[in-house]
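Q: I would like a close look at one part of this protein, with its surroundings described step by step. Please keep the wording plain.

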Amino acid sequence: MKFVLASHNPGKLTEMRAILSEFGVELVSQDELGVHIDVEETGETFRENALLKARAVMEQTQLPAISDDSGLMVDALNGAPGVYTARYGGEGLTDEQRYRLLLSSLTGQTNRTAHFYSCIACVFPGNETITAQGVCDGTIAFAPMGQDGFGYDPIFFVPALRKTFAQMTAEEKNSVSHRAKALAAFRVEFEKYCGEKNIHVDE
Ligand code: IMP
């Protein structure tokens, strides 16, 4: 079964393609289908934003559309930047400028605990929806470490693996990440949906 990813983020595409292929879903990006819309994230929750993005791309493509809305919640900042993670610091910043700004907002702060959250939403033609969520607990490092990944990966440290996301292999990150957990929960709901509709995913 073919899904379209409602995102322009190549990092999300790589991670989600690897995980979804394990359960028979082929993922193409909206850019690969020539759908260049940029959906404004006007929702107040990750779930609302994930549904907004998936629904808009489903309407353009008439394919089941899947999206991820994710963000970083830092305890010492009362859960910020949260749904504003992608826009933290304003428009036009690079990923590195954003994570360096977050580091500087925690200067002198010893409570470094943080949580990466992901909500996956899928909207099918006909408007049925599935949503699922996942969380990865960690800490904000004192300095960036590692070269891989995207976004805030160099500063998000996972104590269980003693590495930042940017120091992990793709397999390591997929064994602990918020997005991988949300996709595992999504898989359960999706298989239930397919059972009810008598859909075979490899068709
Ligand atoms: P979204 O595209 O609105 O979901 O934005 C999510 C924000 O969180 C962007 O700034 C991403 O770079 C960041 N983000 C989401 N997931 C990850 C991740 O796995 N690693 C690093 N940054 C992430």
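Is Phe-186 buried or exposed? Please start from that residue and work outwards.

A: In this predicted model, Phe-186 is buried, with a relative accessible area of 0%. The cut-off for calling a residue buried is under 20%, so a value of 0% falls on the buried side.

The next step is the ring of this residue. A pair of aromatic rings is described by the distance of the centres and the angle of the planes. Phe-186 forms such a pair with Phe-23: the centres are 6.5 Å apart, the angle between the planes is 50°, and the pair is classed as tilted. Tilted is the class for planes that are neither under 30 degrees apart, which would be stacked, nor over 60, which would be edge-to-face.

The two partners come from separate places in the chain. Phe-186 belongs to helix α5, residues 178–197, while Phe-23 sits in the loop between α1 (10–21) and β2 (26–29), so their pairing ties together parts that are 163 residues apart in sequence. Phe-23 is buried as well, at a relative accessible area of 7%.

Phe-186 and Phe-23 also belong to a wider group. One aromatic cluster is made up of Phe-3, Phe-23, Phe-124, Phe-186, Phe-190 and Tyr-193. Across the model, the count of aromatic pairs comes to 11.

Another of these pairs joins Phe-156 and Phe-165. Their ring centres lie 5.0 Å apart and their planes meet at 45°, so this pair is tilted too. Phe-156 and Phe-165 are both buried.

Phe-165 has further neighbours. Lys-173 lies over the face of its ring, at 4.8 Å from the ring centre. A second arrangement of this kind involves Arg-112, which lies over the face of Phe-142 at 4.1 Å from the ring centre.

Phe-165 is also in contact with Ser-177, which touches Cys-136 too, when neighbours within four places in sequence are left aside. Ser-177 is located in the loop between α4 (170–176) and α5, the helix that holds Phe-186. Ser-177 counts as buried, with a relative accessibility of 0%.

Lys-173 leads on to the open spaces of the model. Rolling a probe the size of a water molecule over the atoms shows where empty space is left. Lys-173 is one of the residues nearest the centre of the second largest pocket, together with Thr-14, Glu-15, Gly-149 and Ala-170. This pocket has 14 lining residues and a volume of about 240 Å³. The elements giving two or more residues to its lining are α1 and α4, and α1 gives the most, with 4 residues. By type, the lining of this second largest pocket divides into 5 nonpolar, 5 polar and 4 charged residues.

Helix α5 itself takes part in the largest pocket. It supplies at least two residues of that lining, as do α1, α2 (46–61), β3 (65–74) and α3 (95–105). The largest pocket has a volume of about 910 Å³. Its lining holds 35 residues, and those nearest the centre are Asn-9, Lys-12, Glu-41, Lys-53 and Ala-86. The lining of the largest pocket consists of 11 nonpolar, 11 polar and 13 charged residues.

One more feature lies just beyond the helix where this account began. Most residues other than glycine have a negative phi, and most peptide bonds are trans. Asn-198, in the segment after α5, has a positive phi of about 60° although it is not a glycine. With a relative accessible area of 60%, Asn-198 is exposed, whereas Phe-186 is buried.

Gln-62 gives another case of this backbone feature. It is not a glycine, yet its phi is positive, at about 55°. Gln-62 is placed in the loop between α2 and β3 and is exposed, with a relative accessible area of 52%.

The loop between β3 and α3 contains Pro-81, and the peptide bond from Ala-80 to Pro-81 is cis, with omega near 0°. Gly-79 lies in the loop between β3 and α3 as well. Its relative accessibility of 27% makes Gly-79 partly exposed. Apart from neighbours within four places in sequence, Gly-79 is in contact with Leu-72, Met-73 and Val-74.

Technical notes:
Residues are numbered from 1 along each chain as its sequence is written. This is a predicted model: local features need pLDDT of at least 70, side-chain atom pairs count only at pLDDT 80 or more; totals for chains, interfaces and linings use all residues. Side-chain values use heavy atoms; hydrogens and water are left out. Rings of Phe, Tyr and Trp (its six-membered ring) pair if their centres lie within 6.5 Å; planes under 30 degrees apart count as stacked, over 60 as edge-to-face and the rest as tilted. Buried means under 20% relative accessible area, exposed over 50%, partly exposed in between (1.4 Å probe, protein chains only). A charge sits over a ring if NZ of Lys or CZ of Arg is within 6 Å of the ring centre and within 35 degrees of the ring normal. Contact means heavy atoms within 4.5 Å. On a 1 Å grid over the protein atoms alone, a cavity is a set of points where a 1.4 Å probe fits but cannot get out, and a pocket is an open set with protein on both sides within 12 Å along at least five of seven lines; lining residues have an atom within 4 Å of a point. Grid points are joined across faces, edges and corners, and a volume is the space filled by probe spheres set on the points. Ala, Val, Leu, Ile, Met, Phe, Trp, Tyr, Cys and Pro count as nonpolar, Asp, Glu, Lys and Arg as charged, and the others, Gly among them, as polar.
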